[in-house]
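Here is a short tour of a structure for you to follow on screen. Please keep the viewer open while you read.

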Amino acid sequence: MNNDILILGIETSCDETAAAVVKNGREVLSNIIYSQIDLHTIYGGVVPEIASRKHIEKINQVISQALLEAEVALFELDAVAVTYGPGLVGALLVGVAEAKAISFAAGLPLVGVHHIEGHISANYIEHKELAPPFMSLVVSGGHTHLVNVLDYGQYEILGQTRDDAAGEAFDKVARAIGLGYPGGPKIDRAAKSGDPNAITFPRAKVGDSIYDFSFSGLKSSVLNYLNSAKMQGEEIIVEDVAASFQQAVVDVLVEHSMAAVIERKEHRLALAGGVASNSALRAAMKRACDKEGIELFYPSPVYCTDNAAMIATAGYYDFIRGIRSGLDLNAVPGLKLGER
Ligand code: KG4
Ligand code: ZN
């Protein structure tokens, strides 16, 4: 008898239409991502209405391709896992409606997955030995969370952003210095030929919580720098601004993560989310972890940004714990981590 568990994952929370088939939570059989980035670039950010429409157009094609590449038929699946929050409501609804339709038509169990849980679970794909407990820093376009992963599906949120998410700060600053959308990878690239010590930008502290983050002050400080340089007719070296801004974000992320790992006596730290593919963050976190004897994990870039393999993986661990969603599953744009 074949005891393998095959999960179809579906992800449509923002601007990626994605489907994947994952075996036993850790082996990716297919990972199809249709990125809408080009459509949104001209507007400087994601336009929710356009995202929803494109998801509707692409979702069936993406799912068919995921099944085809995995060489898996619908009836061979054990469950369908879908992101139901947090995210853009219209975008989430497309994936949720699709997953419910497949679940009903093929008689498959349905598992609603939390998007951030998916990002954290992306680490399981390439690090077969990684299992809770560990500390995780989730840094994406919409979220910045420092999470103690106590067990599969059990999270203690130690800190989060009070305003902008880390990725959002990257995107806004990139727009201000003329690099365009999406800002993270562009700042990452420009910063390689810039001086991170050229300009001193603030490292924000949130008074009453050592683990919370705030990036809006840093963003304003970059905007002020740009304005005053322009007014005084000084030359703006984009690479230096990018590198100095990036360094300020990285310093705060490293400092908070290390404080959490040390205080909670964890030995492992896993990065997750789009910003986890930032080269300066990875390098600085590695140095800090090596110094403290902490093992650092992060997914390959394709599993850092939005994808459905991470949703199938998270869905697998929910599925084997007996978690099921009903056909009344709805999109929950403001879903909190740990809530169902
Ligand atoms: O996880 P993700 O795909 O979507 C959300 O769930 O939000 O993250 C997208 C974010 C964007 O803000 C993008 O600029 C950022 O991740 N990002 C990066 C890098 N690659 C993507 N930020 C910094 N450095 C990168 N290399
Ligand atoms: Zn995401």
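## Two domains

Taken over C-alpha atoms, the centres of domain 1 and domain 2 are separated by 27 Å. Please bear in mind that this is a predicted model. Domain 1 is made up of two segments, 6–121 + 304–320, while domain 2 covers 132–299.

How many residues of domain 1 are in contact with domain 2? There are 17 residues on the domain 1 side, and they meet 21 residues of domain 2.

## The zinc site

Now to the metal. His115 (NE2), His119 (NE2) and Asp306 (OD) coordinate the zinc ion (ligand 2) at 2.0 Å. If you like to think in motifs, the spacing of these donor residues in sequence reads H-x3-H-x186-D.

What is the geometry of this site? The site of the zinc ion (ligand 2) is tetrahedral, with angles of 96 to 128 degrees among its four donor atoms. That label fits because four donors count as tetrahedral if all angles lie between 85 and 135 degrees.

Why are the two histidines about one helical turn apart? Histidine 115 and histidine 119 both belong to helix 4 (residues 115–126) and are four residues apart there, so about one helical turn separates them. Are they buried or exposed? The cut-off for buried is under 20% relative accessible area. Histidine 115 has 4% relative accessibility, so histidine 115 counts as buried. Histidine 119 is buried too, because its relative accessible area is 0%.

## Aromatic pairs

A pair of aromatic rings is described by two quantities, the distance of the centres and the angle of the planes. The count here comes to eight aromatic pairs. One of them joins tyrosine 124 and phenylalanine 134, which lie 6.1 Å centre to centre with 85 degrees between the planes, an edge-to-face arrangement. Tyrosine 124 lies in helix 4 and phenylalanine 134 in strand 6 (residues 134–139), so this pair ties together parts that are 10 residues apart in sequence. Both tyrosine 124 and phenylalanine 134 are buried.

Tyrosine 316 and tyrosine 317 make another pair: their ring centres are 4.9 Å apart and their planes stand at 85 degrees, so the pair is edge-to-face. Both of these tyrosines, 316 and 317, are buried. Ring pairs link Tyr124, Phe134, Tyr152, Tyr316 and Tyr317 into a cluster.

## A charge over a ring

One last contact to look up involves a lysine and a tyrosine. The charged end of lysine 58 sits over the ring of tyrosine 34, at 4.8 Å from the centre of that ring.

Technical notes. Residues numbered from 1 in each chain as written. Chains lettered and ligands numbered in written order. Predicted model: local features only at pLDDT ≥ 70, side-chain atom pairs only at ≥ 80, totals over all residues. Heavy atoms only, no water. Donors = N, O, S within 2.8 Å, 3.2 Å for Na, K, Ca; no water. Tetrahedral: all angles 85-135°; square planar, octahedral: opposite > 155°, others 65-115°. Buried < 20%, exposed > 50% of the residue type's maximum accessible area, 1.4 Å probe, protein only. Phe/Tyr/Trp six-rings, centres within 6.5 Å; stacked < 30°, edge-to-face > 60°. Lys NZ or Arg CZ within 6 Å of the ring centre and 35° of its normal. Domains from an automatic or database assignment. Contact = heavy atoms within 4.5 Å.
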